[in-house]
Amino acid sequence: SDVAVGVTMVVNPVGEIILSYCVRRLRLKTYNIGTEYVHPYAIGSVVWCETVHDSEVVDAARELVKAFGYIGQITIEFRRDANTGSLYLMKIEPRPVRATSLSVKIGMDVPRAFNNIKPQVASDYPDGAGWLWTQPYLSSLFRNEHKNSRDLLMLVSKVRQLRAFGEDYSDPLPLITGVIKLGARSFASRFR
């Protein structure tokens with residue numbers, strides 16, 4: 001998952017790209033897939049990302065948007081082949097994705113641009129600005145069969161770069177409820 005790069009764009013009704021930026025997925029480093037299917041959340045692969053610049057990915061996304069005559073907000077995700085470096089289209093999402101909350105923090109205000117509310121779009125954005133969906137990330141750490149000290153150190157080393165979260169911390173109740181559920185599941189599994 002850490003070779004997947006998504007481009008988020010807002011395209012106005014005349015086909016002009018108002019804004020675009022890239023994020024790269026991050027993932028847990030120590031995990032065990034085993035023989036059965038493991039949901040990507042369980043290995044931290046869709047719960048953590050950071051901003052990057054990748055002109056090849058942006059150019060490919062622009063070509064797709066132009067070819068389809070698409071207008072509105074869209075996220076197009078590619079995966080880069082680890083051996084050849086070639087890009088492969090993973091998915092196209094014509095909707096806000098969870099990490100859209102990061103857009104405001106990096107000066108690429110997708111909600112305002114999409115709603116045509118005179119967006120103050122930055123000319124550029126910083127590399128390494130992070131987004132974290134806290135509950136699934138913590139859940140993936142606790143469900144992992146391996147020791148997670150390396151993953152925790154990686155997260156701690158990047159805490160200062162986190163700019164946005166999947167949760168709205170002005171309402172902490174969902175996070176508190178999630179932590180209680182996680183603790184209860186862990187406690188119950190010890191008695192099984």
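How many helices and strands are there in the protein chain? The chain holds 6 helices and 7 strands. The legends below describe a predicted model.

**Figure 1. Overview of the predicted protein chain and its order of helices and strands.**
Along the sequence, the elements of the protein chain follow the pattern β-β-β-α-β-β-α-α-β-α-α-β-α. The protein chain has 192 residues, and 40% of them are buried. Of the contacts between residues at least 6 apart in sequence, 65% join residues at least 24 apart.

**Figure 2. The largest nonpolar core, with Tyr-21 and Trp-48.**
This core has 38 residues, and Tyr-21 and Trp-48 are those with the most contacts inside it. Strand E1, residues 4-11, gives the most to this core, with 5 residues. In soluble globular proteins, nonpolar side chains tend to be buried together. Trp-48 counts as buried because its relative accessibility is 2%, and the limit is under 20%. Leaving aside residues up to four places away in sequence, Trp-48 touches Arg-24, Arg-25, Leu-26, Trp-131, Leu-132, Tyr-137, Met-154, Leu-155, Lys-158 and Leu-162.

**Figure 3. The aromatic pair of Tyr-21 and Tyr-125.**
A pair of aromatic rings is described by the distance of the centres and the angle of the planes. A search of the whole structure finds 2 such aromatic pairs. In one of them, Tyr-21 and Tyr-125 are edge-to-face, with 6.2 Å centre to centre and 75° between the planes. Tyr-21 belongs to strand E2 (residues 17-25), while Tyr-125 sits in the loop between helix H3 (110-114) and strand E6 (130-132). The pair thus links distant parts of the chain, 104 residues apart. Are Tyr-21 and Tyr-125 buried or exposed? Both residues are buried.

**Figure 4. The aromatic pair of Trp-48 and Tyr-137.**
The ring centres of Trp-48 and Tyr-137 are 5.3 Å apart and their planes stand at 70°, so this pair is edge-to-face. Trp-48 lies in strand E3 (residues 48-52) and Tyr-137 lies in helix H4 (residues 134-143), so the pair ties together parts that are 89 residues apart in sequence. Tyr-137 is buried, with a relative accessible area of 1%.

**Figure 5. Helix H1 and its buried and exposed residues.**
Helix H1 (residues 55-68) has 14 residues. From its first C-alpha to its last, H1 reaches 20 Å, close to the 20 Å expected at 1.5 Å a residue. Which residues of H1 are buried? They are Val-57, Val-58, Ala-61 and Val-65. These residues cover an arc of only 95° around the axis, so they lie on the same side of H1. An α-helix has 3.6 residues a turn, so residues three or four places apart point the same way. On the other side of H1, the exposed residues are Ser-55, Glu-63, Lys-66 and Ala-67. The cover over the buried residues of H1 includes E1, E2, strand E4 (72-80) and strand E5 (87-93).

**Figure 6. The two ends of helix H1.**
At the start of H1, a side-chain oxygen of Asp-54 comes to within 3.2 Å of the backbone nitrogen of Glu-56. After H1 comes Gly-69, which has a positive phi, near 65°.

**Figure 7. Thr-75 in strand E4.**
Thr-75 is part of strand E4. Its relative accessibility is 9%, so Thr-75 counts as buried. A polar contact of 3.0 Å runs from the side chain of Thr-75 to the side chain of Thr-8. Apart from residues up to four places away in sequence, Thr-75 touches Val-7, Thr-8, Lys-91, Ile-92, Glu-93, Arg-95 and Val-97.

**Figure 8. Glu-50 in strand E3 and its polar contacts.**
Glu-50 is found in strand E3 and is buried, with a relative accessible area of 8%. Which side chains make polar contacts with that of Glu-50? The side chain of Arg-24 does so at 2.5 Å, and the side chain of Lys-158 at 3.2 Å. Not counting residues up to four places away in sequence, Glu-50 touches Cys-22, Val-23, Arg-24, Leu-26, Gly-128, Ala-129, Gly-130 and Lys-158. Glu-50 and Leu-26 are 24 residues apart in sequence, and their C-alpha atoms are 7.2 Å apart in space.

Note on methods:
Residues are numbered from 1 along each chain as its sequence is written. This is a predicted model: local features need pLDDT of at least 70, side-chain atom pairs count only at pLDDT 80 or more; totals for chains, interfaces and linings use all residues. Side-chain values use heavy atoms; hydrogens and water are left out. A nonpolar core is a set of buried Ala, Val, Leu, Ile, Met, Phe, Trp, Tyr and Cys residues joined through side-chain atoms within 4.5 Å. Buried means under 20% relative accessible area, exposed over 50%, partly exposed in between (1.4 Å probe, protein chains only). Helices (H or I, at least four residues) and strands (E, at least two) are DSSP runs, numbered from the N terminus. Contact means heavy atoms within 4.5 Å. Rings of Phe, Tyr and Trp (its six-membered ring) pair if their centres lie within 6.5 Å; planes under 30 degrees apart count as stacked, over 60 as edge-to-face and the rest as tilted. The expected span of a helix is 1.5 Å times one less than its number of residues. The arc is that of the directions from the helix axis to the C-beta atoms. A polar contact is a pair of N or O atoms within 3.5 Å; within protein, one must be able to donate a hydrogen and the other to accept it, and residues adjacent in sequence count only if both atoms are side-chain atoms.
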